[in-house]
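Let's take a walk through this one, starting at the ligand and working outwards through the aromatic rings. Keep the viewer open as you read.

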Amino acid sequence: MKDSKITISVIKSDIGSYVGHNLVHPELIKLAKEELEKAKKRKEIIDYFVFNCGDDLELVITHKGPEEDPKIHRLAWNVFTDCTKKAKELKLYGAGQDMLKDSFSGNIKGMGPGVAEISFEERPSEPIVILAADKTEPGAWNYPLFKIFADPFTNPGLIISPEMNEGFTFEVHDVLESKKIKFKCPEDMYDLLAFIGTPGRYVIKCITRNHDNLLCAVTSTTRLSLIAGKYVGKDDPVCIIRAQHGLPDIGEITEPFAQPYLVEGWNRGSHAGPFMPVSLEQAVPTRFDGPPRVVALGFIIQKGNLIGPLDLFKDVSFDRARQKANEIADYMRMHGPFQPHRLPESDMEYTSLPKIKEKVKDRWKEV
Ligand code: F6R
Ligand code: MG
Ligand code: MG
């Protein structure tokens, strides 16, 4: 890896919360900060930032290693393991929930925690946005990423900025069959939409700028239920986006969230609900264990140091999106256990619903 290259690793896990699946306890945040501070002093990492979105503990780590660096993944694994111990001590709810494997084997991917990582040479100024969600799934980024990188009604830069005018290429993963495919926009826009409109299966993994193949956005794509074979909480994804100077600007990145679009997740991971953009302080999902939340943190990367964050959804101009999300929440909740508020049967496969079906299976008679 070139000397001037740095890597940002955002690694997250739900390792227990209070009172139910609502909020990371401050003791866990404190412990995670202490451990990363020690790693910084030992010069294993350049910088770090610890925060939470609802019941998910989010570690932002900058370092000189590559993506998927076993040393960094081990560090995150150790932080989560120690926080799990603390969570058990405090008898927090769901302690160790996302720690699906017992021992670390070099890469935290596939072990429960979610990961988004990006390596690059720092530009003269390197603004980035980190998105983190609670009570939803990785495909929740499909809609805003499409709007940010392919919709000129959202991002005027696609028309005005010479670097963006050549469009962007989307790598999409089929998380059920573990396959990937690339769509070059604007040419392949309709084909891209044919897939990413099914966010439970097709998930945008990363985006590059056609002008120069610059990697500009990455997401986490873990499907916990597929690792565990049962429902173990939603995946609550993260995403890193590079901004400005020939890339979408901060305003073009935040704009899609002004409309609280529907995502899957919410209570028992089994309900569609509005995705509410909130400040860090407001990321406390308690109504029907939600509604699903998204926070956006802006940082400047300065020689790998994290300058920030700016809490982007703290802006009062997102108040109306929150109000609208609350109105949509009322409307969706009115449906109670009926679709389309409750998810279709295929999506309930990894919940405990099959057990209920099993219980009455002998009572069915031929019509
Ligand atoms: C959704 C979520 C919660 C739980 C619910 C039941 O992602 O985490 O809505 O599904 O609180 O939790 P348990 O089964 O642990 O009582
Ligand atoms: Mg939880
Ligand atoms: Mg969560």
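**Around the ligand**

His21 puts a polar side-chain atom 3.0 Å from an oxygen atom of ligand 1, a polar contact in the sense of a pair of N or O atoms within 3.5 Å (within protein, one must be able to donate a hydrogen and the other to accept it, and residues adjacent in sequence count only if both atoms are side-chain atoms). Before going further, keep in mind that this is a predicted model, where local features need pLDDT of at least 70, side-chain atom pairs count only at pLDDT 80 or more, and totals for chains, interfaces and linings use all residues. As for bookkeeping, residues are numbered from 1 along each chain as its sequence is written, chains are lettered from A and ligands numbered from 1 in the order in which they are written, and side-chain values use heavy atoms, with hydrogens and water left out.

Back at the ligand, Asp289 offers a polar side-chain atom 2.6 Å from an oxygen atom of ligand 1. Arg268 joins in through its backbone, with a polar atom there 2.9 Å from a ligand oxygen atom. Of the 410 Å² of accessible area that ligand 1 has on its own, the protein covers 75%; such areas come from the Shrake-Rupley method with a 1.4 Å probe, and for residues only the protein chains shown count as cover.

Who else is there? The residues around ligand 1 include Tyr93, Lys135, Tyr231, Lys234, Trp266, Asn267 and Gly269, where being near means having a heavy atom within 4 Å. Sorted by character, the shell has three nonpolar, three polar and four charged residues. In that scheme Ala, Val, Leu, Ile, Met, Phe, Trp, Tyr, Cys and Pro are nonpolar, Asp, Glu, Lys and Arg are charged, and the others, Gly among them, are polar.

Now follow Asn267, which sits in the loop between β11 and β12. Asn267 is buried, at 12% relative accessible area (buried is under 20%, exposed over 50%, partly exposed in between, with a 1.4 Å probe and protein chains only). Its side chain reaches the backbone oxygen of Phe288 at 3.4 Å.

**Out to the rings**

The model has 14 aromatic pairs, meaning rings of Phe, Tyr and Trp (its six-membered ring) with centres within 6.5 Å; planes under 30 degrees apart are stacked, over 60 edge-to-face and the rest tilted. Take Trp141 and Phe275: their centres are 6.0 Å apart and their planes at 50 degrees, so this pair is tilted. Trp141 is in the loop between β5 (126-134) and α3 (142-150), and Phe275 in the loop between β12 (271-274) and β13 (276-277), so the pair ties together parts 134 residues apart in sequence. Helices (H or I, at least four residues) and strands (E, at least two) are DSSP runs, numbered from the N terminus. Trp141 is buried at 0% relative accessibility, and Phe275 is buried at 1%.

Next come Trp266 and Phe288, with centres 5.4 Å apart and planes at 80 degrees, so they meet edge-to-face. These two residues are 22 apart in the chain. Trp266 is buried at 2%, whereas Phe288 is partly exposed at 22%. Over the Phe288 ring sits the charged end of Arg333, 3.6 Å from the centre; the rule asks for NZ of Lys or CZ of Arg within 6 Å of the ring centre and within 35 degrees of the ring normal.
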